[in-house]
Amino acid sequence: MKLNFSILSKLLILQCLSVACLSQEFDFFYFVQQWPGAYCDTKQSCCYPKTGKPTADFSIHGLWPNYNDGSWPSNCDPDSVFDKSQISHLISSMEKNWPSLSCPSSNGMRFWSHEWEKHGTCAQSELDQSEYFEATLKLKEKVNLLRILKNAGIEADDEFYTLNSITNAIKEGTGFTPGIECNRDSAHNSQLYQVYLCVDTSGSDLIQCPVLPKSKCGEQVQFPKF
């Protein structure tokens with residue numbers, strides 16, 4: 001009887017471990033939007049998707065599970081591959097709001113597959129594949145960065161704005177302090193590239209960020225045209 005109990009205990013432990021491996025626990029999400037004008041204005045340049053030039057708007061980069069200590073899980077389940085049939089009802093919205101700008105030009109599937117396999121698989125304890133992409137699109141609807149910045153007099157006109165004014169405008173518009181990531185153009189100007197906001201583990205509600213990515217922006221930040 002003791003032997004059977006011991007075997008059963010080990011099986012239960014193994015089962016728990018396997019579940020843990022497939023559905024990593026995490027503390028919050030980074031919801032990351034990028035400005036295409038900054039993405040394209042670098043040495044690597046960009047390629048428009050096969051659907052044509054995206055609209056001049058912030059687009060989704062991803063929804064990334066993170067830990068409160070600043071680290072993050074990745075590629076949590078190699079068996080959970082991207083399945084486009086799971087998002088067939090979302091394709092038109094994803095082409096508009098989550099386009100790929102990498103080269104060569106593509107239909108976005110490679111980009112979305114990367115985001116699911118690297119980041120989405122680490123959130124399976126909360127969201128399945130369809131729910132993961134749907135939640136991300138809903139966040140984009142909720143957080144209209146272009147409108148928020150325009151309301152504060154900050155527009156994509158190649159002009160320079162203070163980092164504080166950009167940060168404060170987004171904080172005013174969302175209620176939460178964002179993380180701002182910049183890149184450098186060929187003239188070494190600091191450009192508004194990505195905006196990080198934090199989201200609870202359900203993928204639905206913005207929260208105050210437990211930790212923000214380190215900013216490498218200058219005090220003056222260019223908002224390039226697209």
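1. Start with helix α4, residues 109-118, in this predicted model. Its buried residues are F111, W112, S113, E115 and W116. Buried here means under 20% relative accessible area. Note that a glutamate, E115, is in the buried set.

2. What packs over that buried set? The cover includes β2, α3 and α5. Keep these three elements in mind, as the pockets bring them back.

3. Next, the largest pocket. Its volume is about 400 Å³. The lining holds 18 residues. Those nearest the centre are W64, W72, E181, Y196 and P213.

4. Which elements give two or more residues to the lining of the largest pocket? They are β2 (59-66) and β4 (179-184). So β2 has two roles: part of the cover over the buried residues of α4, and a contributor to this lining.

5. By residue class, the lining of the largest pocket splits into 10 nonpolar, 4 polar and 4 charged. E181, among the residues nearest the centre, counts as charged.

6. The second largest pocket has a volume of about 180 Å³. It is lined by 14 residues. T55, D57, K96, N97 and K140 are the closest to its centre.

7. Two helices, α3 (91-97) and α5 (129-142), each supply at least two residues of the second lining. Both are also among the elements covering the buried residues of α4.

8. How does the lining of the second largest pocket divide by class? The residues are 6 nonpolar, 4 polar and 4 charged. Among those closest to the centre are D57, K96 and K140, which count as charged.

Conventions
Residues are numbered from 1 along each chain as its sequence is written. This is a predicted model: local features need pLDDT of at least 70, side-chain atom pairs count only at pLDDT 80 or more; totals for chains, interfaces and linings use all residues. Side-chain values use heavy atoms; hydrogens and water are left out. On a 1 Å grid over the protein atoms alone, a cavity is a set of points where a 1.4 Å probe fits but cannot get out, and a pocket is an open set with protein on both sides within 12 Å along at least five of seven lines; lining residues have an atom within 4 Å of a point. Grid points are joined across faces, edges and corners, and a volume is the space filled by probe spheres set on the points. Helices (H or I, at least four residues) and strands (E, at least two) are DSSP runs, numbered from the N terminus. Buried means under 20% relative accessible area, exposed over 50%, partly exposed in between (1.4 Å probe, protein chains only). Contact means heavy atoms within 4.5 Å.
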